[in-house]
Amino acid sequence: MLYLLTKPHCPLCNEALLLINQLDLDEPIELGVVDISTDEALQKEYGWLVPVLVDVDDNELRWPFDAQKAKEFIES
């Protein structure tokens with residue numbers, strides 16, 4: 001399971017989501033989209049950093065990332 005941390009009215013978040021959905025991955029992934037604006041702690045930690053891709057081990061891939069970096073992160 002992967003999570004994409006986002007917030008409302010975030011063009012970069014939309015771009016990251018589109019990029020992830022268009023990846024040619026070896027195996028399908030389960031992606032949860034997390035709106036940080038609903039959690040004060042997440043807002044404090046990630047407010048200016050979103051979008052951020054997070055895996056189940058809490059490893060992070062912070063924006064800016066391209067398709068190659070995202071694919072490597074997801075498949076690692």
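**Entry 1: Asp58**

I began with Asp58, which counts as exposed because its relative accessibility is 60%, past the 50% cut-off for that label. The model is predicted, so I am reading computed values throughout these notes. Asp58 sits in the loop that runs between S3 and S4. I looked up its backbone too: phi is near 65 degrees, a positive value in a residue other than glycine.

**Entry 2: His9**

Next I went to His9, where phi is also positive, near 55 degrees, and the residue is again not a glycine. I found His9 in the loop between S1 and helix H1, with H1 covering 11–21. Is His9 buried or exposed? His9 counts as exposed, because its relative accessibility is 84%.

**Entry 3: the cis peptide bonds**

I then turned to omega. Val50 and Pro51 are joined by a cis peptide bond, with omega about 5 degrees. I placed Pro51 in the loop between helix H2 (40–46) and strand S3 (52–54). Another cis peptide bond joins Trp63 and Pro64, and here omega is about 10 degrees. Pro64 belongs to the loop between S4 and H3.

**Entry 4: Gly47**

I stayed in the loop between H2 and S3 for a moment, since Gly47 lies there. Gly47 counts as buried, because its relative accessibility is 15% and the label applies under 20%. I also checked a distance: the C-alpha atoms of Gly47 and Ile74 are separated by 23 Å, with their positions 27 residues apart along the chain.

**Entry 5: strand S1 and its partner**

Strand S1 spans residues 2–6, and four of its five residues are buried, so I noted S1 as largely enclosed by the rest of the structure. Which strand pairs with S1, and in which sense? I found S2 (residues 31–35), paired with S1 in the parallel sense over five bridges. One bridge I looked up by residue: Leu4 has Val33 in S2 as its bridge partner. A reminder to myself is that side chains in a regular strand alternate between the two faces of the sheet.

**Entry 6: Met1 and the nonpolar patch**

Just ahead of this strand, Met1 is in the segment before S1. Met1 counts as partly exposed because its relative accessibility is 37%. I then asked which residues share a nonpolar surface patch with Met1. They are Tyr3 and Val56, and the three together have about 270 Å² of accessible area.

**Entry 7: the salt bridge**

How many salt bridges does the count give? I got one. Glu60 forms a salt bridge with Arg62, and the closest N and O atoms are 2.9 Å apart. I checked that against the 4 Å limit used for a salt bridge. Glu60 is partly exposed, because its relative accessible area is 29%. Arg62 counts as partly exposed too, because its relative accessibility is 40%.

**Entry 8: the negative patch**

On the surface I found a patch of negative charge where Asp24, Asp26, Glu27, Asp66, Glu72 and Glu75 gather. I followed two of its members. Asp66 lies in the loop between strand S4 (60–62) and helix H3 (67–75). Asp66 is partly exposed, because its relative accessible area is 39%. Asp24 is placed in the loop between H1 and S2. Asp24 is exposed, because its relative accessible area is 61%.

I then took a C-alpha distance from Asp24. To Ala67 it is 9.3 Å, although the two residues are 43 apart along the chain.

**Entry 9: Thr38**

My last stop was Thr38, in the loop between S2 and H2. Thr38 counts as exposed because its relative accessibility is 68%. How far apart are the C-alpha atoms of Thr38 and Lys7? I noted 8.8 Å, for residues that are 31 apart along the chain.

How values were computed
Residues are numbered from 1 along each chain as its sequence is written. This is a predicted model: local features need pLDDT of at least 70, side-chain atom pairs count only at pLDDT 80 or more; totals for chains, interfaces and linings use all residues. Side-chain values use heavy atoms; hydrogens and water are left out. Patches are made of residues with over 30% relative accessible area and no salt bridge: like charges are joined within 9 Å, nonpolar side chains (Val, Leu, Ile, Met, Phe, Trp, Tyr) within 5 Å. Accessible areas come from the Shrake-Rupley method with a 1.4 Å probe; for residues, only the protein chains shown count as cover. A salt bridge is a side-chain nitrogen of Lys or Arg within 4 Å of a carboxyl oxygen of Asp or Glu. Lys and Arg count as positive and Asp and Glu as negative; His and the chain ends are not counted. The place of a charge is taken as NZ of Lys, CZ of Arg, CG of Asp or CD of Glu. Helices (H or I, at least four residues) and strands (E, at least two) are DSSP runs, numbered from the N terminus. Buried means under 20% relative accessible area, exposed over 50%, partly exposed in between (1.4 Å probe, protein chains only). Two strands pair if DSSP finds at least two bridges between them.
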